Amino acid sequence: MKSLVLIDSDALTRTLISECLTGKEWRIFEAEDGQAGMDLVLTERPAAVLCDLRTPKRNGFQVCRTIREQESLKKTRVILMTVSRFSNDRETAFASGADDYLVKPIIPVELLRVLTLNGENGAASRETQAVSPAAVGPTRIRFWGVRGSIPSPGRETYGYGGNTSCVEVRVGEQIIILDAGSGIRRLGQSLMKEIGEKGLSVTMLISHTHWDHIQGFPFFVPAYHPKVNIRILGYEGAVHGLRGALFEQMQTAFFPVGLNQMATHLTFEEMDDMQFPIGSGVTVRTMFANHPGICLGYRLCTPNGDVVYLPDHEAYERSEVERQKAEKETSSTGLEYARMQDEKVVEFLRGAEVVIADSQYDATEYPTRRGWGHTCADDTVLLAARAGAKKVFLFHHDPDHTDEKIEAMVASAREAAARSGSQIEVAAAREGEVVEVGEVNSPD
Ligand SMILES: [Zn+2]
Ligand SMILES: [Zn+2]
């Protein structure tokens with residue numbers, strides 16, 4: 001019997017794949033995250049590894065690269081699988097050393113085909129701490145950058161703002177920064193006024209290292225101040241680590257000051273866990289977004305309610321509908337599967353006070369931009385409505401969208417929500433706007 005290590009965080013997928021291989025001469029070892037999977041790979045030295053791209057603790061690219069670094073595993077066949085249809089994920093998978101790449105839903109005959117290619121490879125086989133809302137006051141959200149892709153200043157975008165993604169969230173004394181797009185420059189200027197004698201500590205959560213989410217970082221002046229501590233968290237991207245991506249954009253060819261010249265206590269943490277506490281009273285939950293490479297959505301669970309930040313994500317169902325139209329295909333399985341993936345997003349948004357989410361396109365634009373990793377605004381609002389969220393902010397506005405266009409998208413999304421019977425509040429994120437979550441309790 002040949003052994004197979006199956007790594008997927010979704011128990012149902014593991015069961016379906018195991019069932020499809022039952023009686024086919026495969027002994028299966030299951031793991032729900034990349035780290036546990038790698039432990040199994042090192043002890044079992046399997047003939048094949050079937051690993052989902054977006055697994056916690058170590059993603060599929062990392063698993064692939066680690067296996068390829070081991071001489072003793074050179075005969076192990078590595079197959080990455082994913083719900084992602086982005087072509088550069090496929091290319092990165094092969095660049096990371098994958099032998100094959102499967103797009104979910106997995107078709108049994110296709111799975112058997114890729115597993116049995118070079119079947120003789122069997123030779124490698126060895127047979128939070130609770131805090132009361134009154135203690136911290138309301139959770140305050142401030143938008144510093146709301147645009148996607150590239151800064152787009154100008155008269156036509158003046159109302160909503162032209163800076164790229166950066167959102168500040170305050171919970172009591174804690175300062176949490178979501179992404180470091182060009183909006184972070186002005187946030188930095190504002191924070192400089194608060195440094196004082198005792199200094200300042202901030203936590204920065206990076207969704208992913210695409211340019212529009214990190215390009216403001218070199219201009220974040222507190223990072224050059226000796227009394228500022230910055231803890232930067234993210235998940236390792238497709239090719240470069242988090243630190244590597246920030247480091248590279250500050251190399252001589254691109255920027256006059258290097259990362260090492262920043263005076264702060266700067267720490268980088270590439271996350272392993274999908275849920276972790278930051279400071280007192282705030283727990284962060286994460287989910288992998290449907291976006292090229294490794295991209296996260298964050299859910300900040302605060303004493304006043306939860307704030308979800310999902311800046312770059314492509315909703316699954318519309319993407320699948322448009323794909324089938326474009327490829328003149330009809331597949332109810334594909335559609336059902338896409339809906340199941342959307343349901344996971346709904347669960348992630350469930351009951352949130354505020355959802356800030358990708359709404360880059362409208363329904364007429366979307367078909368020509370399918371597969372770019374972004375969502376139609378109506379879909380974002382309907383997903384948040386289904387999740388019972390209280391308020392949703394359209395975010396990651398397209399650089400070509402004028403204030404007028406964004407207002408029309410808000411109107412359309414409101415209509416879509418009303419038609420679905422939802423009472424959800426709908427607005428577009430606007431640079432400079434402050435949103436409070438929870439009651440301000442005045443002390444007696
Ligand atoms: Zn983006
Ligand atoms: Zn992106």
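In this predicted model, the zinc ion (ligand 1) sits in an irregular site, with angles of 88 to 165° among its four donor atoms. Tetrahedral would need all angles between 85 and 135 degrees, so the upper end of that range rules the label out. The protein donors are Asp212 (OD), His213 (NE2), Asp312 (OD) and His396 (NE2), and they lie 2.1 to 2.2 Å from the metal. Along the sequence, these donor residues follow the spacing D-H-x98-D-x83-H.

There is a second metal to keep in mind: the zinc ion (ligand 2) is 3.5 Å from the zinc ion (ligand 1). As for the two histidines, the pair ties together distant parts of the chain, 183 residues apart. His213 belongs to helix α8 (residues 211-214), while His396 comes from the loop between β17 (391-395) and α14 (403-419). His213 is buried, at a relative accessible area of 0%, and His396 is buried too, with a value of 0%.

Elsewhere in the fold, five strands make up an open sheet with parallel pairing, ordered β2-β1-β3-β4-β5. Since β2 (26-31) and β5 (100-103) are the edge strands and each has a single partner, one side of each is left without a neighbour in the sheet. From one strand to the next, the twist averages 20°. Strand β1 (residues 2-7) runs parallel to β2 and is joined to it by six bridges; Leu6, for instance, has Glu30 in β2 as its bridge partner. Packed on this sheet is helix α3 (residues 60-68), which touches β1, β3 (48-52) and β4 (77-82). The direction of α3 makes about 175° with that of β4.

Methods. Residues numbered from 1 in each chain as written. Chains lettered and ligands numbered in written order. Predicted model: local features only at pLDDT ≥ 70, side-chain atom pairs only at ≥ 80, totals over all residues. Heavy atoms only, no water. Pairing = 2+ DSSP bridges. Helix = DSSP H or I, 4+ residues; strand = E, 2+ residues; numbered from the N terminus. Axes fitted to C-alpha atoms, helices over the stretch in contact; angles between N-to-C directions. Contact = heavy atoms within 4.5 Å. Donors = N, O, S within 2.8 Å, 3.2 Å for Na, K, Ca; no water. Tetrahedral: all angles 85-135°; square planar, octahedral: opposite > 155°, others 65-115°. Buried < 20%, exposed > 50% of the residue type's maximum accessible area, 1.4 Å probe, protein only.
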